[in-house]
Amino acid sequence: MEELELNTNSVRELSSSTSHTANDDDDVPFLSSQALTALKEFLAEQNQSITDPDVATGGDTEVALVSEDWRLSQFWYSEETANTLAEEVLSLCKGEDSRVACISCPTLYAYLKKTDRNVSLQLLEYDKRFEQYGSDYTFYDYNQPEELPSELKHAYKVVVADPPYLSKECLEKVAETISFLRQPGESFVLLLTGEVQKERAAELLGLHPCGFRPQHSSKLGNEFRLFTNYDPGMRLGGWKK
Ligand SMILES: C[S@@+](CC[C@H](N)C(=O)[O-])C[C@H]1O[C@@H](n2cnc3c(N)ncnc32)[C@H](O)[C@@H]1O
């Protein structure tokens with residue numbers, strides 16, 4: 001972000017030194033090649049992708065994210081929250097070749113991929129910028145909860161969802177998708193949503209809140225919770241039934 005601001009400034013600076021054609025009476029300004037390069041860099045960063053986490057971060061701990069689009073209700077997790085969730089998911093997969101589905105939580109997908117490149121992940125997301133993940137990406141609109149490739153059906157041991165809206169209708173539809181995806185027998189469901197969904201999460205999916213409070217990189221007015229269908233024991237601040 002700091003870098004982005006720096007570049008924004010350099011674009012502004014350079015734009016103020018916008019060149020003009022040889023004939024300064026000509027009303028059509030154009031950017032110097034230097035300013036044009038800075039502008040291109042700036043626009044590229046705005047669309048910056050998580051891409052290959054190793055490439056994006058040099059194998060370091062930082063994960064670069066696409067910019068939030070608030071029209072799509074996009075609020076990314078803080079780094080600490082994303083790391084905590086990734087660790088939890090990986091501990092649920094331990095020792096087994098488990099498959100993980102991330103419904104509308106691209107940040108978690110990115111942190112999981114960064115932490116363990118071998119984990120089998122599927123990101124279901126409405127935002128097509130994430131098509132960059134190739135076959136790990138599936139287009140998903142919660143309004144069509146089961147309009148998904150048949151090979152995804154009952155294929156996931158761990159399903160994590162962070163629905164875009166706090167409405168009853170949205171949670172009911174996402175719950176349908178969760179049921180579509182989870183494998184028969186033992187499966188782990190993690191739902192990140194507002195505290196206001198507590199009763200519904202219990203009713204629809206048998207989920208209960210944990211003590212852990214998810215944080216976002218932008219401050220949100222709503223109280224957020226993590227709900228699980230399993231007792232996390234000492235992890236995640238325990239189950240607060
Ligand atoms: C509250 S955000 C959750 C993001 C999560 N906190 C993260 O950091 O990855 C909601 C997500 O729902 C996605 N979304 C928006 N409209 C959607 C739709 N119609 N169907 C499914 N997902 C949608 C957004 O793109 C966004 O990733």
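## Lys168 and helix α6

Lys168 is found in helix α6, which covers residues 168-181. The structure described here is a predicted model.

Is Lys168 buried or exposed? Lys168 has 12 other C-beta atoms within 10 Å and is therefore exposed, since a residue counts as exposed when 12 or fewer such atoms lie within that distance. Along the chain, Lys168 and Ala201 are 33 residues apart; in space, 9.8 Å separates their C-alpha atoms.

## Surroundings of the ligand

The ligand has 19 residues around it. The residues that come nearest are Ser104, Thr107, Tyr126, Asp162 and Pro164.

Which element supplies the largest share of this shell? That share, three residues, comes from helix α5, which spans residues 106-115. Sorted by class, the shell around the ligand consists of eleven nonpolar residues, together with four polar and four charged ones.

## Organisation of the chain

Seven helices and seven strands make up the secondary-structure elements of the chain. Their order along the sequence is α-α-α-α-β-α-β-β-β-α-β-α-β-β.

The chain comprises 241 residues, and 32% of them count as buried. Among the contacts in the chain that link residues at least 6 apart in sequence, 57% join residues at least 24 apart.

Technical notes:
Residues numbered from 1 in each chain as written. Predicted model: local features only at pLDDT ≥ 70, side-chain atom pairs only at ≥ 80, totals over all residues. Near = placed C-beta within 6 Å. Helix = DSSP H or I, 4+ residues; strand = E, 2+ residues; numbered from the N terminus. Nonpolar A, V, L, I, M, F, W, Y, C, P; charged D, E, K, R; others polar. Buried ≥ 20, exposed ≤ 12 C-beta atoms within 10 Å, placed from the backbone. Contact = placed C-beta atoms within 7 Å.
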